[in-house]
Amino acid sequence: MRQTGLLSISVILAVLLAAPHAALGYEEATVSDGGTIEGKVVYQGTVPMRKVIPTKNPEVCGGIRDEPEIIVGGDKAVKDAVVYLAKVDKGKAWPATDAKPTLNNHKCIFEPRVQVMRAGTLVVKNSDPVLHNTHGFYG
C-alpha cells in the first residue's frame with residue numbers, strides 16, 4: 001500500500017510541475033456551449049501513513065507522530081484532490097484574482113495541504129515563533 005500512496009503523490013507532483021508549461025500554450029476563447037464536470041476521487045484500501053520525527057523545536061512542532069499521506073473521509077473521498085483535463089489547448093479564460101496564493105508554515109505544517117494556482121509567484125509565510133528552513137516532502 002505504501003507504493004500506491006507514493007505513486008499518487010508522485011502523479012500529483014508531476015501534474016503540478018507540468019501545469020505551468022502546459023498553460024503557456026493555452027489560448028483563451030469564447031465558450032458558448034461549455035459543460036461541467038462533477039465527481040469525487042475515492043481511495044480504496046488502507047491509507048498509507050508516514051512517521052514524522054521533528055528534530056528541532058518540539059514545543060512548536062510537536063513530537064514524533066504518524067500522519068496520513070492522503071486525507072480520506074468516511075465516504076472514502078480524497079480531501080484536496082486535484083483533477084485536470086489533459087490536452088485542452090483552447091477554452092474559457094481563468095479569471096484573475098487579487099488574492100496572492102500563499103503557503104503558510106504553521107506548527108511546522110504547511111497550510112493549505114493542496115492549492116491550485118496560476119503560474120507565477122507563491123508567497124511563503126512562517127506563522128511559527130521560530131525560524132524554519134523550508135523543505136518539501138519527497139517520500
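Start with the whole chain in view: residues 24 or more positions apart account for 52% of the contacts with a separation of 6 or more, where a contact means heavy atoms within 4.5 Å. What you have open is a predicted model, in which local features need pLDDT of at least 70, side-chain atom pairs count only at pLDDT 80 or more, and totals for chains, interfaces and linings use all residues. Residues are numbered from 1 along the chain as its sequence is written, and side-chain values use heavy atoms, with hydrogens and water left out.

**Colour by confidence**

Switch the colouring to pLDDT, the predictor's confidence in each residue, from 0 to 100. The chain has a mean of 81, and 78% of its residues reach 70 or more. Now select residues 1–11: the pLDDT there is below 50, and beyond near neighbours in sequence this stretch has 17 contacts in the model.

**Switch to cartoon**

You should be looking at two helices and seven strands. Here helices (H or I, at least four residues) and strands (E, at least two) are DSSP runs, numbered from the N terminus. Trace the chain from the N terminus and the elements run α-β-β-α-β-β-β-β-β. With a surface on, keep in mind that 13% of the 139 residues count as buried. The cut-offs for that word and its companions are under 20% relative accessible area for buried, over 50% for exposed, and in between for partly exposed (1.4 Å probe, protein chains only).

**Select strands 5, 6 and 7**

In what order do the three strands of the open sheet come? The order is 6-5-7, and the pairing is mixed. Two strands are taken to pair if DSSP finds at least two bridges between them. Strand 6 (109–111) and strand 7 (123–126) are the edge strands, each pairing on one side only. From one strand to the next, the twist averages 25 degrees; the axes behind such angles are lines fitted to C-alpha atoms (for helices over the stretch in contact), and angles run from 0 to 180 degrees between N-to-C directions.

Zoom in on strand 5 (residues 102–106) and strand 7: they run parallel and are joined by four bridges. To see one bridge pair, pick asparagine 105, whose partner in strand 7 is asparagine 126.

**Step to asparagine 104**

Asparagine 104 is also in strand 5. Is this residue buried or exposed? Asparagine 104 is buried, with a relative accessible area of 13%. Show its side chain together with that of serine 127, and you'll find a polar contact between the two at 2.8 Å. That term covers a pair of N or O atoms within 3.5 Å; within protein, one must be able to donate a hydrogen and the other to accept it, and residues adjacent in sequence count only if both atoms are side-chain atoms. Leaving aside neighbours within four places in sequence, the residues in contact with asparagine 104 are Ile109, Phe110, Glu111, Lys125, Asn126 and Ser127.

**Show the cysteines**

The structure holds one disulfide, a term used for a pair of cysteine sulfur atoms within 2.5 Å. Select cysteine 61 and cysteine 108, which it joins with an S to S distance of 1.8 Å. Which parts does the pair tie together? Cysteine 61 lies in helix 2 (residues 58–61) and cysteine 108 in the loop between strand 5 and strand 6, so the link connects parts that are 47 residues apart in sequence. The torsion about the S-S bond is about -50 degrees, so this disulfide is left-handed. Cysteine 61 counts as buried at 11% relative accessibility, whereas cysteine 108 is partly exposed at 25%. While you are on cysteine 108, check its backbone: phi is near 65 degrees, a positive value in a residue other than glycine.

**Visit the loops**

Move to the loop between strand 6 and strand 7 and pick proline 112. The peptide bond leading into proline 112 from glutamate 111 is cis, with omega near -5 degrees.

Next, go to the loop between strand 3 (65–68) and strand 4 (90–91), where lysine 87 is found. Lysine 87 has phi near 60 degrees, positive although the residue is not glycine. With a relative accessible area of 82%, lysine 87 is exposed.

Alanine 81, your last stop, is also in the loop between strand 3 and strand 4. Alanine 81 is partly exposed, at 35% relative accessible area. Draw a distance to lysine 40: the two are 41 residues apart in sequence, and 8.2 Å apart in space, C-alpha to C-alpha.
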